Structure formats: structure tokens, C-alpha cells
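Colleague: Before I go to the bench, take me through this model. Please keep it to what the atoms show.

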Amino acid sequence: MWQKVVVKRKELGYSNYKLSMLTGIPESTLRSYEKGVEPSFKNMCKIADALKVDIGYFREVRLDEI
């Protein structure tokens, strides 16, 4: 899931610092997510808003694939 965040962040030209400023999530917390810590739903909503995508963009499995 986090790989999708990184790809989208880079597409928009955002650094981790910029994403931190847009979301209010500390950079250290964003780095922990990169290392495998599972983000809260609330933080994923903030990240989705900052990256201008729907929260469903980060889903690992699409419902129509089940």
C-alpha cells in the first residue's frame, strides 16, 4: 500500500516534508509508514486528501476481484 503513496507523492512532486506539511503528520511518522508501520485510517484519509485521490486508491484488493 505505501508504495502507492510514494508513487503518487512523486508524481505530484511532493517531498516527505511537503506531505507532512499538507497532512499535519510528522515526517518521522511518514518514515515509519515507509518501514512497514500500518497507518491509521484517519491518517490515510489525510494522505489521500493531500495526494488528491480517493481513499479507495490505496486498497490492496479490489472488491470486484473477490
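Colleague: At what angle do α2 and α3 pack?

Modeller: This is a predicted model, so local features need pLDDT of at least 70 and side-chain atom pairs count only at pLDDT 80 or more, while totals for chains, interfaces and linings use all residues. Residues are numbered from 1 along each chain as its sequence is written, and side-chain values use heavy atoms, with hydrogens and water left out. Helices are DSSP runs of H or I, at least four residues, numbered from the N terminus. Axes are lines fitted to C-alpha atoms over the stretch in contact, with angles from 0 to 180 degrees between N-to-C directions; the axes of α2 and α3 are 9 Å apart, and their angle is about 115°.

Colleague: Which residues of α3 does α2 meet?

Modeller: Contact here means heavy atoms within 4.5 Å. From α2 the residues are Asn16, Tyr17, Leu19 and Ser20, and in α3 they meet Glu27, Leu30, Arg31 and Glu34.

Colleague: Is Met21 buried or exposed?

Modeller: Met21 lies in helix α2, residues 16-23. Buried means under 20% relative accessible area, exposed over 50%, and partly exposed in between, with a 1.4 Å probe and protein chains only. Because its relative accessible area is 52%, Met21 is exposed.

Colleague: Which helix gives the most to the largest nonpolar core?

Modeller: A nonpolar core is a set of buried Ala, Val, Leu, Ile, Met, Phe, Trp, Tyr and Cys residues joined through side-chain atoms within 4.5 Å. The largest one has 15 residues, and those with the most contacts inside it are Trp2, Val5, Leu30, Ile47, Leu51 and Phe58. At least two residues of this core come from each of α1 (2-11), α3 (27-34) and α4 (41-50). With four residues, the helix that gives the most is α4.

Colleague: Against which helices do the buried residues of α1 pack?

Modeller: In α1 the buried residues are Trp2, Val5, Val6, Lys8 and Arg9. They pack against α2, α3 and α4.

Colleague: What kind of aromatic pair do Tyr57 and Phe58 form?

Modeller: Rings of Phe, Tyr and Trp (its six-membered ring) pair if their centres lie within 6.5 Å; planes under 30 degrees apart count as stacked, over 60 as edge-to-face and the rest as tilted. The structure holds two aromatic pairs. In the one formed by Tyr57 and Phe58, the centres are 5.2 Å apart with 80° between the planes, making it edge-to-face.

Colleague: Is Phe58 buried or exposed?

Modeller: Its partner Tyr57 is partly exposed, at a relative accessible area of 32%. Phe58 has 3% relative accessibility and therefore counts as buried.
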